Amino acid sequence: MSSPLFLSYTWDEPSLEGADALDLALRLRGVPIWRDRRRMGWGDYKSETVQAAIGEQCSGFVLHYAEPVLDSDFVCDIELPAMDARRRRDPEFFSGAVFRFSPLAQAGQRLRDRANVELGEPLGSRVVDGDPTEGLRAAANDVLARYLYAQLDDNVVRVQVETRDALPVESEAVLQLAWAPPLAHDADEYDHGVWTQQLQPALADLRQALTDTRAPRTLRVGGNMHLSAALALGYEFREPTGWSLQLDRDGLSCFSDRVAPDLGGWRVVRSPGGGDVDHRLVICVHASKNLDAAVTRHCGELAPAKIRVDISPPDGVAGRTTVTPDSVNALAAAIAAEVLHIRDAYGTTETHLYLACPWPLAALLGWHLGSCGRVVCHEAAVGRDTYRTSCVLL
């Protein structure tokens with residue numbers, strides 16, 4: 001069972017803005033956060049609740065330090081003493097601070113003078129106005145590493161991913177990728193720049209942190225996610241990295257494995273575009289829904305792709321149960337093999353994916369696509385009548 005990290009901060013600006021940014025950076029890397037605005041309602045801010053969270057429920061404590069912290073009686077007289085008491089009796093409980101704007105030594109001394117508490121080591125680089133992104137990323141990665149050291153055991157690493165709704169507070173997964181926001185249920189409602197700016201860097205940082213902590217090389221993944229998120233997760237932990245995936249959906253599990261590609265009777269229709277200008281390979285997987293109209297609409301204003309490949313169930317009828325746990329890995333391997341074959345035969349340089357399938361198939365496809373070059377994933381609009389470009393995998 002996971003134990004969240006307690007995030008301490010003050011409600012003034014820019015402290016609140018900085019705490020929000022740190023909170024988001026940690027959630028995108030899978031660190032569950034105990035935070036007052038999510039755990040307690042307005043008018044229900046009780047010191048007993050906070051003390052119990054720090055003393056019993058949380059695995060660590062991080063203070064987002066800005067100068068107004070010194071004026072906060074709640075932080076200095078309730079939260080920090082509770083942290084100090086927990087740390088004294090529990091050597092595995094970690095604590096530290098992310099400093100905003102203030103020189104580390106000076107800020108640490110002021111905090112000791114005000115609260116009579118030694119907080120712990122600074123985490124990451126000091127977050128300053130001139131370089132907030134890198135400083136915040138370094139701080140989030142330091143906190144992630146400390147959290148993993150406190151939480152991981154010798155079994156598989158449990159991960160829950162939620163990209164459409166809020167992640168359940170009671171989730172027991174050690175890593176909880178709470179990606180809604182920045183993602184939203186409708187692909188039209190979020191800025192797709194978050195993939196390169198936030199989500200893909202967070203996945204890369206997570207894999208590096210797990211590698212550094214010598215975590216078990218198996219991720220057990222559950223949740224509810226966009227197909228682009230599942231694809232990106234599988235691609236980040238793809239087969240050449242040495243990671244394996246166990247994917248849980250609707251009470252059933254499937255596993256990544258290096259297997260012989262096997263379409264299992266699925267239909268493959270190749271449609272050359274007839275031109276040499278465009279070097280796109282378009283792959284359409286019609287597992288749970290026929291995509292023809294939506295893909296045609298999305299590609300209508302573009303030059304014809306070098307070749308389009310449509311992959312459909314054996315009976316040609318797309319539906320929810322067309323993909324089975326015992327065959328999905330070999331099917332994903334076969335789709336990846338088709339991409340490699342087309343690249344060699346037709347000289348395509350980009351693969352564009354249009355998927356309508358259960359998310360484990362998308363994750364396994366990402367796991368098998370390790371040597372296929374540039375891959376562009378398109379996400380279906382909420383009405384399933386067209387697509388929007390989402391993430392690019394390199």
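**Notebook: a walk through a predicted model**

Entry 1, Cys76. I began with one cysteine: Cys76 has a relative accessibility of 2%, so I note it as buried, given that buried means under 20%. I remind myself that this is a predicted model. Next I looked for a sulfur partner for Cys76. The nearest cysteine sulfur belongs to Cys58 and is 19 Å away, and Cys76 is in no disulfide. A disulfide is a covalent bond between the sulfur atoms of two cysteines. How many disulfides does the structure hold? I found zero.

Entry 2, Cys299. I tried another cysteine. Cys299 has the sulfur of Cys284 as its nearest cysteine sulfur, 7.1 Å away, and Cys299 is in no disulfide either. Is Cys299 buried or exposed? With a relative accessible area of 19%, Cys299 is buried, since the cut-off for buried is under 20%.

Entry 3, helix H4. I went back to Cys76, which is one of the buried residues of H4. The others on that list are Val75, Ile78, Glu79, Leu80, Ala82, Met83, Asp84 and Arg86. Then I checked the length of H4, which covers residues 73-89. Its 17 residues should span 24 Å at 1.5 Å a residue, and the C-alpha atoms at its ends are 24 Å apart, so the two values agree. Where does H4 kink? I found a kink of about 25 degrees at Glu79, shortly before the proline Pro81. Glu79 is also among the buried residues of this helix.

Entry 4, two cis bonds. I moved on to the loop between strand E7 (175-178) and helix H7 (194-212), where Pro181 is found. The peptide bond that joins Ala180 and Pro181 is cis, with omega about 0 degrees. Pro182 lies in the loop between E7 and H7 as well. The bond between Pro181 and Pro182 is also a cis peptide bond, and here omega is about 15 degrees.

Entry 5, positive phi. I looked up two residues that are not glycine but have a positive phi. Asn116 has phi near 55 degrees, and I located Asn116 in the loop between helix H5 (104-115) and strand E5 (121-122). Its relative accessible area is 69%, so Asn116 is exposed. For Asp250, phi is positive at about 55 degrees. Asp250 sits in the loop between strand E9 (244-249) and strand E10 (252-255). Is Asp250 buried or exposed? Asp250 counts as exposed because its relative accessibility is 56%, and exposed means over 50%.

Entry 6, Leu353. I then turned to strand E14, which holds Leu353. This leucine counts as buried because its relative accessibility is 1%. Which is the distance in space from Leu353 to Cys284? I found 6.2 Å from C-alpha to C-alpha, while 69 residues separate them in sequence.

Entry 7, the largest pocket. I ended with the largest pocket, which has about 470 Å³ of space. Its lining has 24 residues, and the closest to its centre are Arg164, Leu227, Ser288, Cys357 and Arg384. Which elements give two or more residues to the lining? They are strand E8 (218-224), strand E14 (350-356) and strand E15 (374-380). I sorted the lining by residue type too: 13 are nonpolar, five polar and six charged.

How values were computed:
Residues are numbered from 1 along each chain as its sequence is written. This is a predicted model: local features need pLDDT of at least 70, side-chain atom pairs count only at pLDDT 80 or more; totals for chains, interfaces and linings use all residues. Side-chain values use heavy atoms; hydrogens and water are left out. On a 1 Å grid over the protein atoms alone, a cavity is a set of points where a 1.4 Å probe fits but cannot get out, and a pocket is an open set with protein on both sides within 12 Å along at least five of seven lines; lining residues have an atom within 4 Å of a point. Grid points are joined across faces, edges and corners, and a volume is the space filled by probe spheres set on the points. Ala, Val, Leu, Ile, Met, Phe, Trp, Tyr, Cys and Pro count as nonpolar, Asp, Glu, Lys and Arg as charged, and the others, Gly among them, as polar. The expected span of a helix is 1.5 Å times one less than its number of residues. The bend at a residue is the angle between axes fitted to the seven residues ending there and the seven starting there. Buried means under 20% relative accessible area, exposed over 50%, partly exposed in between (1.4 Å probe, protein chains only). A disulfide is a pair of cysteine sulfur atoms within 2.5 Å.
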